[in-house]
Every structure is written in C-alpha cells, then in structure tokens.
Amino acid sequence: MIPPAFEYVRPTSVDDAVRTLAGTGEDAKVLAGGQSLLPLLRMRLAFPDLLVDVGRIPGLRGVREEGDALVIGALTTHHDVIADPLVRRHAGLLAAAAATVADPAIRHRGTLGGSLAHADPGGDLPAVALALDAELVATGPGGRRSIPAREFFVDFLQTALRPDELLVEVRVPKTGEYDGWGFHYEKFSRVAQAWAMVGVAALVRREDGHIAEARIGLTNMGSTPLRATAAEEALAGVGPDGVARAAQSAAEGIRPTSDPGASAEYRAQLARVLTRRSVLAAAGMG
C-alpha cells in the first residue's frame, strides 16, 4: 500500500531536530531506523504532515559507562546493542532480549530509542527497560530531562515524550553478574519473528543464596509494558530451597490487564509458565 503524502526533512543536529519539531507539533513524526514507523505509514495507520529523519544526526549512537550506569545513544541499533561488550557485561538482559527482536535485517536497522519511543506493548524492549529501571533522556526547547521508564509508557503507542522533544539516550543501571544479578528473557510467539504473544523479562539478585531482589517486566500483557510487582515482592527474601515454589506461587496472580476476550486466560497461563521459567533461569536454577 502507498503511504499518504508528507513533507520530509533531515536535520543535521539535535538542536535542529528540536527546532523542527517545535515548529510542527503533533503533525510531525520522528524517523530513526524506520522499522516501526514505515509499516504504519504503508498501512495508512499514521498520517504525519512531516517526517523528521534523525537517522544521521551524529553523537546519538554508541555505548559508554558513566558511574554505575550505561548510557546508550538512542540511535544505537539492536545489532550494536547485542554486540557491545559493555552491554553484554553490565546489562545482559538487554542484549539477550534484543537478540530476539524480529530478524537480522531488522536488528541491523531498528534502533533502541525508536523501539522505546514507539511504545508498542508487544515489543520486546519496553518491558526490558522497565525491568532494568532505565531512564530515558529527552531533549526539547527547554533543555534535557530524564524520564523513568515506569513513567515513560503512558498508553498504547503513547509515551511521556512531548511533541517537541527528541529521545536522545537511554541510561541503564548496571546489573552485571559480578554484582550478583542473573537474568533471563523468554517469549512466546505464534510464528517465528512475530510480535510476542507474551514475554517475560526477569532479573534476580542473590545474596548468600537468598533472593535479595527480583524484577519482572511483562511484554504484551496490557496497553503498556508492565512490572509484575506482586510477584517481585513474593520472591524477595526467599531461600535456595524455596525458589521454585515461590516462583510458581508468584506467577499465579499474573493476568492481562486489558484483554476481555477469550484469549485472556490463555495469555495468563502463558505468562505464568514463562514467569516461572524466567525467574528460575535468572536465579541460576533453570
């Protein structure tokens, strides 16, 4: 299908992009890797007057350390996230989940920032950002501001980004294995390379054999990615002999928050199974 007509600009700096967005407002769409936006345009599910292509703005790619966090440029591709040694060492959950995104062609073009800004609850990386307690940094006419992941995802395909703001980087606290963290991401899709019907991102930190902290992000279980906070609380403090039982019990209460249809119970069962698997794997018992 042919997309609707639109104007196209390619700013050469963040400031230039922000000025363009500020002058256009909600009638503009930002184009990064294009792997989420272009299909919407082709299917005429998006009708922007202006497409702002930020894909060649310098300085928005790459990974660096900054104290106890990794700072990842918004235009860093999924492939580069997977391959980066800092991500693999300090944020293995992100690398593992990015490796499950679609296929190699999309992973080489799609970007971390684009995936998060698109805010599809069926996407793999929004739930991972929640589980990692990531912060998303946006630049607008008033300067930079940091938005916690728990506040970033507002509704289906909606974020806390303002129309005149550009997502420039993602800050991820280090959760490396040397700090006692284990991780696992698992999802179920109807067919290969499709959106996850359900996905679970699990982080578990152990001290003296006990679970000191658990974080669980859920993919495609609501209109936004979700944290399974009740399950996290049920796992905290559990000893080595009780992890399997606690993981099973913690998963029991997980249900879709926005699915009144017949698939709700099926997805709930999937979520329970995947949560148990992911928690046990993250705890080193999978």
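## Exercises on a predicted model

The axes of helix 11 (residues 243-251) and helix 12 (residues 264-282) come within 8 Å, crossing at roughly 150 degrees. Before you start, note that this is a predicted model, in which local features need pLDDT of at least 70, side-chain atom pairs count only at pLDDT 80 or more, and totals for chains, interfaces and linings use all residues. Residues are numbered from 1 along each chain as its sequence is written, and side-chain values use heavy atoms, with hydrogens and water left out.

**Exercise 1. Describe how helix 11 and helix 12 cross, and list the residues in the contact.**

Step 1. Two packed helices are described by the angle between their axes and the distance between the axes. Here axes are lines fitted to C-alpha atoms, for helices over the stretch in contact, and angles run from 0 to 180 degrees between N-to-C directions. Helices (H or I, at least four residues) and strands (E, at least two) are DSSP runs, numbered from the N terminus.

Step 2. The crossing of helix 11 and helix 12 is right-handed; a crossing is left-handed if the near helix is turned anticlockwise from the far one by less than a right angle, and right-handed if clockwise.

Step 3. Helix 11 contributes Val243, Ala244, Ala247, Gln248 and Ala251 to the contact (heavy atoms within 4.5 Å). From helix 12 come Arg272, Thr275, Arg276, Val279 and Leu280.

**Exercise 2. Work out how strand 3 is placed between its partners and whether its faces are covered.**

Step 1. Take the pairing, which requires that DSSP finds at least two bridges between two strands. Strand 1 (residues 7-9) runs parallel to strand 3, joined by 3 bridges, with Glu7 opposite Leu50. Strand 2 (residues 28-31) is also parallel to strand 3, through 4 bridges, and here Leu31 stands opposite Asp53.

Step 2. Follow the chain: strand 2, helix 2 (residues 37-42) and strand 3 make a right-handed β-α-β unit. Right-handed means that, with the strands pointing away from the viewer, the path from the first strand over the helix to the second runs clockwise.

Step 3. Check the faces of strand 3 (residues 50-53). Leu50 and Val52 on one side are buried, as are Leu51 and Asp53 on the other. Buried means under 20% relative accessible area, exposed over 50%, and partly exposed in between (1.4 Å probe, protein chains only).

**Exercise 3. Which strands stand at the edges of the open sheet of 5 strands?**

Step 1. The strand order is 4-5-10-6-7, with antiparallel pairing.

Step 2. Strand 4 (63-66) and strand 7 (143-148) each have a single partner strand, so these two stand at the edges, and one side of each is left without a neighbour in the sheet.

Step 3. On average, neighbouring strands of this sheet are turned by 25 degrees against each other, direction ignored.

Step 4. For one pair in detail, strand 4 meets strand 5 (residues 69-73) over 4 bridges, and Val63 stands opposite Ile72.

**Exercise 4. Compare the settings of Asp208 and Asn220.**

Step 1. Asp208 has a positive phi, near 55 degrees, though not a glycine. Its place is the loop between strand 12 (198-207) and strand 13 (210-219). Asp208 counts as exposed because its relative accessibility is 80%.

Step 2. Asn220, also not a glycine, has a positive phi of about 60 degrees. This residue lies in the loop between strand 13 and strand 14 (226-227). With 22% relative accessibility, Asn220 counts as partly exposed.
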